[in-house]
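Me: I've got a structure open and I keep tripping over the labels people put on such things. Could you take me through how each one is earned?

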Amino acid sequence: MQQFDLSGYEFGFHDNIKPVFATKKGLTKKTVEEISNIKNEPQWMQDFRLRALDIFFAKKMPMWGSDLSRINFDNIYYYVKPTDKQGRTWDEVPIEIKNTFEKIGIPQAERKFLAGVGAQYDSEVIYHSISKMLSKKGVIFVDTDTAIQKYPELVKQYFGKVIPAADNKFAALNSAVWSGGSFIYVPKGVRVDLPLQAYFRINARNMGQFERTLIIADEGSYVSYIEGCTAPIFTTNSLHAAVVEIIVKKGARVRYTTVQNWSKNVYNLVTKRMFIEEEGFGEWIDGNLGSQLTMKYPSVYLKGRKARGEVLSLAFAGKGQHQDAGGKAIHLAPETSSVITSKSVSKDGGRTSYRGMLKVVKGAENSKSTVRCDALILDDKSRADTYPTMDIDEERVTIGHEASVSKIGEEQLFYFQSRGISQVLAEVMIVNGFVEPIVRELPMEYAVELNRLIQLEMTGAVG
Amino acid sequence: MLNIQNLHVTTEGKDILKGINLLIKPGEVHAIMGPNGAGKTTLAMSLMGNPNYQFKMQNAKFKINDKNMFKLTPEERARAGLFVSFQHPVSVIGVSVLAFLRTAYKALHPQKPIKLSEFKETVKKSLLQVGLPEDFMQRSINEGFSGGEKKRMEIVQLLVLKPRYAILDEIDSGLDIDSLRIIAKAVAKIVKKQKMGILLITHYQRILHYLKPDFVHVLKEGKIAASDGMALVTKIERKGYATI
């Protein structure tokens, strides 16, 4: 990992907007207008936000899933201008977060960023060289706030079309107060060979609480996007409600990889959806560690003939955590295919749930779907459930569904022990082996970090 | 040496072993034969420390080179040089043979670090020695292996991990004659080279023609009913266990 010189750069952002600004805690029409005004947004976006706010107020909290009643919407800052985040000091960061950074070897400069302490490292340098390469190909890769200013027509055409504000209460909330996130447009036939990583522009405004990401892959194009990192993301704000919308046009391919490790006070409620057109291929790879509660079901809407969608979901729940994750596949056209694979690990009283939805509409004949969810429970205090829903209105389809819940057996442990391997290390190896089919889809550095992180979660140490 | 005196073992409330004595010196091969239910597997599992088997420790001994094994965990016994081959080894998805062996080797021989490239070479040789293809190294351990392949993999582990004393529990069952010969030859070779002590548990005499035991014991009803050389095997072949 490259080290960056931080001297003279303590306040990070290259933003030209000088005044430090945060909206008051709590959510009102005025808050939303303020957010929109400070960003100098076009009227249509402000109107979109305000409509979404009404929907948010009108919608009831979801009554399924997990307990959300402790979220206090009045005690949240809905908008903090990035420069204002500098307010926190390193001393305020909890010791366990610092220890984790230490143990998984995050460079000093990055630690501070990840902990929300002001200092940034200058990834702009890398970002700029990549963005030069991209712009030659006509690829747009900016944060969504910038996109609104620079490409208003393009954004307006697609924004909120995949996930309307009315989709669910948290999508409505995001639509009202969103900030940051990535905007990507890949023109027809363009292949972006390098995965685009939010990581590269870590000091841009993409890692907020209510980020909004929109990716459009035009016909025949290809792009792979990676967000997040395995280091714990520390925030004193306890709600993360993001929206990710992706449009995969005819014959295009998009792979979206997320590895997130929110600190354990966070409610992580994210709506992710892809529209996949004829012969397009969309993949979600979604790894969730950390957070108090995650509810996340990346979806693929297979809208054109022969569209393909895949969801790979990985969840790890330790003490006091509930990972409610899974995937949705909606078959809307003939000869479409989907694969949903979910792996979850629960430990120390943690809870994982697989929640999935498979829908095939009348007329989507000769479609195929495979759903496979495996849960591994490490002790008697922990829990794993599956909640699959199927709604099949077409007869000529091939559907496969397999689910398994397993515990690490005494026999397995004894086998390892008989070869000199301690019980704890045996458990780590078995868990890493269990998640391997998903981890191998990650870029190398993420895979390595994820394995180390699992080891850390299991043993409290990296050996 | 491996020294067992007056070993009593119970499992699920039943007394299975009722006073076993065995003395195995480095480089010796001891065969234990006996009818079904005599306690052969109990002997293997209890010595390795399987938590489902309980020793009666009063007036009993179980030592390797004067180190008391009774109080040690299974992994500590392994580190003291003990190995057992399993009749039905478990499979573990996503843990490759190579990773498994490498981790085990590091745990068993912390004083003898070995480079990954060299280690791979050792594993490869051992695989080929028992007639398994090299690419088994990258497969999940025992996952999707046939019965015979699992048995061979147990021997690969023996060859790579180089214990002082190995208990081979029915390593010959379910193997065709050619595989049996290959495995027996590999074990015989390492016994000689490493001065490894072997406790070979078997139903059948066949393997004993390839891996010649120095001593043959007959286990009946939880006790060693007879001990001798190969002559005992001939006797069993002719008359069965009933007369012993």
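Reply: Sure, let's go label by label, bearing in mind that this is a predicted model.

Me: What makes β8 and β10 of chain A a pair of strands?

Reply: Pairing calls for at least two bridges. Strand β8 (residues 253–262) and strand β10 (residues 281–290) of chain A are joined by 10 bridges and run parallel, so they count as paired. As an example of the register, A:Arg253 stands opposite A:Phe281 in β10(A).

Me: And how do you know which strands are the edges of the sheet?

Reply: Follow the order: β3-β5-β8-β10-β13-β15-β17-β19 in chain A, 8 strands in an open sheet with parallel pairing. Strands β3 (196–197) and β19 (397–407) each pair on one side only, and that makes them the edge strands.

Me: Which helices sit against those strands?

Reply: Helix α10 (residues 423–439) of chain A packs on the sheet and touches β10, β13 (308–317), β15 (337–346) and β17 (367–377). Its direction makes about 160° with that of β15(A). Helix α11 (residues 444–459) of chain A lies across β8, β10 and β13, at about 30° to β8(A).

Me: What makes α10(A) and α11(A) neighbours of each other?

Reply: Their axes come within 10 Å and cross at roughly 145°, and the crossing is right-handed. Residues that make the contact include A:Val424, A:Val428 and A:Val431 of α10(A), and A:Leu450, A:Ile454 and A:Met458 of α11(A). By class, the contact has 8 nonpolar, 4 polar and 1 charged residues.

Me: Over to chain B: how do you know α3(B) has the length expected of a helix?

Reply: The yardstick is 1.5 Å times one less than the number of residues. With 12 residues, α3(B) reaches 16 Å from its first C-alpha to its last, and the expected span is 16 Å too, so the two agree closely.

Me: Why are B:Phe100 and B:Leu101 called buried?

Reply: A residue is buried if 20 or more other C-beta atoms lie within 10 Å of its own. B:Phe100 and B:Leu101 are on the buried list for α3(B), as are B:Val97 and B:Tyr105 among others, so they meet that cut-off. The buried residues of α3(B) pack against α10 of chain A together with α2, α4 (116–129) and α5 of chain B.

Me: What does the contact between the chains draw on?

Reply: It takes 23 residues from chain B and 18 residues from chain A. On chain B's side, α2 (74–79), α3 (97–108) and α5 (147–161) each give two or more residues. That side divides into 15 nonpolar, 6 polar and 2 charged residues.

How values were computed. Residues numbered from 1 in each chain as written. Chains lettered and ligands numbered in written order. Predicted model: local features only at pLDDT ≥ 70, side-chain atom pairs only at ≥ 80, totals over all residues. Helix = DSSP H or I, 4+ residues; strand = E, 2+ residues; numbered from the N terminus. Contact = placed C-beta atoms within 7 Å. Axes fitted to C-alpha atoms, helices over the stretch in contact; angles between N-to-C directions. Left-handed = near helix turned anticlockwise from the far one by under 90°. Nonpolar A, V, L, I, M, F, W, Y, C, P; charged D, E, K, R; others polar. Buried ≥ 20, exposed ≤ 12 C-beta atoms within 10 Å, placed from the backbone.
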